[in-house]
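Thanks for coming. I have one structure to go through today, and I will take the overall fold before the details.

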Amino acid sequence: MLVTVVEIMAVLAGVTGVAVGLIALRAARRSVGVCLDALDRRAADGPVDSRAVRDVALYRYDALDEMTGRLSFSLALINGFGDGVVLTSINGRTETRTYARAVRGGKGLQPLSPEEEHAVRAARLGIGPEVEPQRLPR
């Protein structure tokens with residue numbers, strides 16, 4: 001009886017391991033596909049100065065509950081090295097605040113908000129100029 005329980009547990013552990021591996025493989029293949037698409041897009045551009053701004057994405061959203069109409073935005077302006085700036089404007093009822101954060105290698109030098117990260121990632125992937133939340137691959 002004890003051997004049977006141990007065998008059943010071993011089989012369940014093995015099946016679980018295979019399922020987790022298949023999920024990870026599927027996610028990795030998806031990521032490789034996104035990277036290959038980005039490389040194809042860059043190769044089609046021909047010789048370009050990698051320091052020039054070439055990737056742009058605008059992500060519009062409602063930052064505050066009191067304001068609707070997606071008047072707040074994050075705008076990423078990135079070069080071929082992943083360096084650039086992300087500009088964010090938070091629109092409120094009585095005031096609008098604007099922020100600028102530097103980006104190096106696709107990462108913010110200061111912590112980026114989720115919306116700013118979304119804009120930077122969309123710019124790096126060539127999804128733009130205006131990007132909807134559901135269009136960005138994970």
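**Sheet, helix and a surface patch**

I will start with one pair of residues: F73 stands opposite S89, which is in β3. Keep in mind that this is a predicted model.

That pair belongs to the pairing of β2 with β3, which is antiparallel and runs over six bridges. The two strands form a hairpin with four residues between them. In the turn, G82 has a positive phi of about 85°.

Now the neighbours on either side. β1 and β2 are also antiparallel, over eight bridges. L58 has L75 in β2 as its bridge partner. Going the other way, strand β3, residues 84-91, pairs with strand β4, residues 96-104, in the antiparallel sense, again over eight bridges. There, L87 has its bridge partner in β4, namely A100.

Put together, the sheet is open and has six strands, in the order β5-β4-β3-β2-β1-β6, with mixed pairing. At the edges are β5, residues 107-108, and β6, residues 130-131, each of which pairs on one side only.

As a reminder, in a regular strand the side chains alternate between the two faces of the sheet.

What lies across the sheet strands β1, β2, β3, β4 and β6? That is helix α2, residues 114-125, and the helix runs at about 140° to β1. For reference, β1 covers 53-61 and β2 covers 72-79.

Stepping back, the protein has two helices and six strands. Along the sequence, the pattern reads α-β-β-β-β-β-α-β.

The other helix is α1, residues 2-44, and I8 has its place there. I8 is also part of a nonpolar surface patch of about 380 Å², made together with V5, M9 and L12. Is I8 buried, exposed or partly exposed? Its relative accessibility is 48%, so I8 counts as partly exposed; the cut-off for exposed is over 50%.

Last, some totals. Of the 138 residues in the protein, 20% are buried. The accessible surface comes to about 9300 Å², and carbon and sulfur atoms account for 61% of that surface. Among contacts with a separation of 6 or more, 41% are between residues 24 or more positions apart.

That is what I have on this one.

Methods: Residues are numbered from 1 along each chain as its sequence is written. This is a predicted model: local features need pLDDT of at least 70, side-chain atom pairs count only at pLDDT 80 or more; totals for chains, interfaces and linings use all residues. Side-chain values use heavy atoms; hydrogens and water are left out. Two strands pair if DSSP finds at least two bridges between them. Contact means heavy atoms within 4.5 Å. Axes are lines fitted to C-alpha atoms, for helices over the stretch in contact, and angles run from 0 to 180 degrees between N-to-C directions. Patches are made of residues with over 30% relative accessible area and no salt bridge: like charges are joined within 9 Å, nonpolar side chains (Val, Leu, Ile, Met, Phe, Trp, Tyr) within 5 Å. Accessible areas come from the Shrake-Rupley method with a 1.4 Å probe; for residues, only the protein chains shown count as cover. A salt bridge is a side-chain nitrogen of Lys or Arg within 4 Å of a carboxyl oxygen of Asp or Glu. Buried means under 20% relative accessible area, exposed over 50%, partly exposed in between (1.4 Å probe, protein chains only).
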